[in-house]
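Subject: Structure handover

Hello,

Here is the structure I promised to pass on. Please open it beside this email and follow along.

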Amino acid sequence: MGHKLAFIGFGTVGQGLAEILRDKHEDLKANEHFEAEIVAISDFNKGAIYHPNGLDIDTVLQVLQETGNLENYPPSPGLVTGWDSLKTIRESNADTVIEVSYTDVRTGQPAIDHCRTAFLAKKNVVMTNKGPVALAYKELSELAKKEGVYWGFEGTVMSGTPSLRMPASALAGNEITEIRAILNGTTNFILTKMEEEGATYDEALKEAQLLGYAEADPTSDVEGYDARYKITILANYVMNEPLRVEEVSCRGITNLTPKDIEEAKAEGKRWKLLAKARKENGKVDASIAPEKVDMSDPLASISGAVNAIAYECDLLGTVTLSGAGAGKVETGFSLLIDLINIDRERRLVNI
């Protein structure tokens, strides 16, 4: 029996996962004993379709490309259209909800309500939305545990790079006392351009926007707000310590000048926008701020739109992980690995 999925939201990331499930279907079945079946999609702008026996991925993507509306999917007995997100979650026969809706990161909505609804309906959730994890981690993790369902959110911090799964599994048994990280590829790209090419902040930002690394309104990235949500998730999940977004001091890179960059070079250092969390006496102190780091620091070598994270462990010392922090395929993969782990846990329970 296939793992039945309901997509809530079907933008770039959702379509990326759908394409992965289509293109790697046989490999996943042979190597991971994983088969997925999309039964429902509900998107506020693109419409909603549901069929209990599954939807054809190629047809879904073709209809969307040609018409922009999922409800133009060819009619067939059993096909339902027009359900909103909450009805799709409650009434579809999906095992797992793929929560990739457009969500206000400041409130976590509507994704928080989607999670609550799914958990109460005994359905797993995997997601890439930062807001619900950063703002409602305690409530939602406790509710998922109470209802006996899985909540996966690997893609919320470094896309498909396993910044959450790696410490939870490969570093188990260590106490992680400090996290230092580059969690925003846009700002790292800008700082790299300023250092390597002598560009001004405005020039580097314009190039980042042309390449698609930065939004038309780059405030969330360049002022450090994006990284602040991510370090909050890391503190709660990896350090297992409560931390609220508003407790994280935050300063971005907009005031850095070419003169600042040159002064750091002269000191044998380079600027990075660092997200930091340090645990001491059962409390976490966290911040986002540009800092000059020594060239010998593992984070100093991270250039361009790449993310990296250094975990300070009591048994193993410093462990550094780097990789993609964004991208259609990379973020789609983060959802896939959460789905594969749900299936692995199911098999262990049934042994």
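Below is what was found, taken sheet by sheet and then space by space.

One point before the details: this is a predicted model.

**The six-stranded sheet**

Start with the open sheet of six strands. Its order is β9-β11-β10-β8-β12-β13, and the pairing is mixed. Two strands stand at the edges: β9 (249–250) and β13 (317–324). Each has a single partner strand, so one side of each is left without a neighbour in the sheet. As general background, strands of a sheet pair through backbone hydrogen bonds, either parallel or antiparallel.

Look next at β10 and β11. β10 covers residues 269–280, and β11 covers residues 283–294. The two run antiparallel, joined by 12 bridges. One residue pair to find on screen is L273 with its bridge partner P290 in β11.

Two helices to look at here are α13 and α9. α13 packs on the sheet and touches β10 and β11. Its direction makes about 80° with that of β10. α9 lies across β8 (176–182), β10 and β12 (306–313). It runs at about 145° to β10.

Now move along to β12. How many of its eight residues are buried? Six are, so to speak of β12 as mostly covered is fair. On one side, β12 pairs with β8 in the antiparallel sense, over six bridges. A181 has I309 in β12 as its bridge partner. β12 also pairs with β13. Eight bridges join these two strands, which run antiparallel. E312 is partnered by T318 in β13. The link between β12 and β13 is a hairpin, through three residues.

**Strands β2, β3 and β4**

β2 takes in residues 36–43, and β3 takes in residues 47–50. They run antiparallel and share four bridges. Together they form a hairpin, with three residues between them. D43 has G47 in β3 as its bridge partner.

β3 pairs with β4 (residues 80–81) as well. Two bridges join them, again in the antiparallel sense. Here Y50 has V80 in β4 as its bridge partner.

Which way do the residues of β3 point? G47 and I49 point one way, while A48 and Y50 point the other way. All of them are buried. This fits a general pattern: in a regular strand the side chains alternate between the two faces of the sheet.

One residue of β2 deserves a look: S42. Is S42 buried or exposed? It is buried, because its relative accessible area is 6%, and buried means under 20%. What is S42 in contact with, leaving aside its neighbours within four places in sequence? Its contacts include F7, I8 and G9. G47 and A48 are among them too. So are W83, D84, S85 and T88.

**The cavity**

Next come the empty spaces. In general, rolling a probe the size of a water molecule over the atoms shows where empty space is left.

The count comes to one cavity of 30 Å³ or more. The largest cavity holds about 40 Å³ of space. Which residues line the largest cavity? They are L191, E195, I261, A264, K269, R270 and W271. The elements that give two or more residues to this lining are α9 (185–197), α13 (258–266) and β10. β10 gives the most, with three residues. By class, the lining has four nonpolar residues, three charged and no polar.

These are elements you have already seen: α9 lies across β10, and α13 touches β10.

**The second largest pocket**

Finally, turn to the second largest pocket. About 420 Å³ of space lies in it. Its lining has 18 residues. Which of them lie nearest its centre? Y150, W151, G152, Y237 and E345 do.

Four elements each supply at least two residues of the lining: α6 (130–147), β7 (151–152), α8 (165–169) and α14 (328–350). The largest share comes from α6, with four residues. By class, the lining has nine nonpolar, four polar and five charged residues.

That is the handover. The structure is yours.

Best wishes

Key. Residues numbered from 1 in each chain as written. Predicted model: local features only at pLDDT ≥ 70, side-chain atom pairs only at ≥ 80, totals over all residues. Heavy atoms only, no water. 1 Å grid on protein atoms, 1.4 Å probe; cavity = no way out; pocket = protein on both sides within 12 Å on 5 of 7 lines; lining within 4 Å. Points joined across faces, edges and corners; volume = space filled by probe spheres on them. Nonpolar A, V, L, I, M, F, W, Y, C, P; charged D, E, K, R; others polar. Pairing = 2+ DSSP bridges. Contact = heavy atoms within 4.5 Å. Axes fitted to C-alpha atoms, helices over the stretch in contact; angles between N-to-C directions. Buried < 20%, exposed > 50% of the residue type's maximum accessible area, 1.4 Å probe, protein only.
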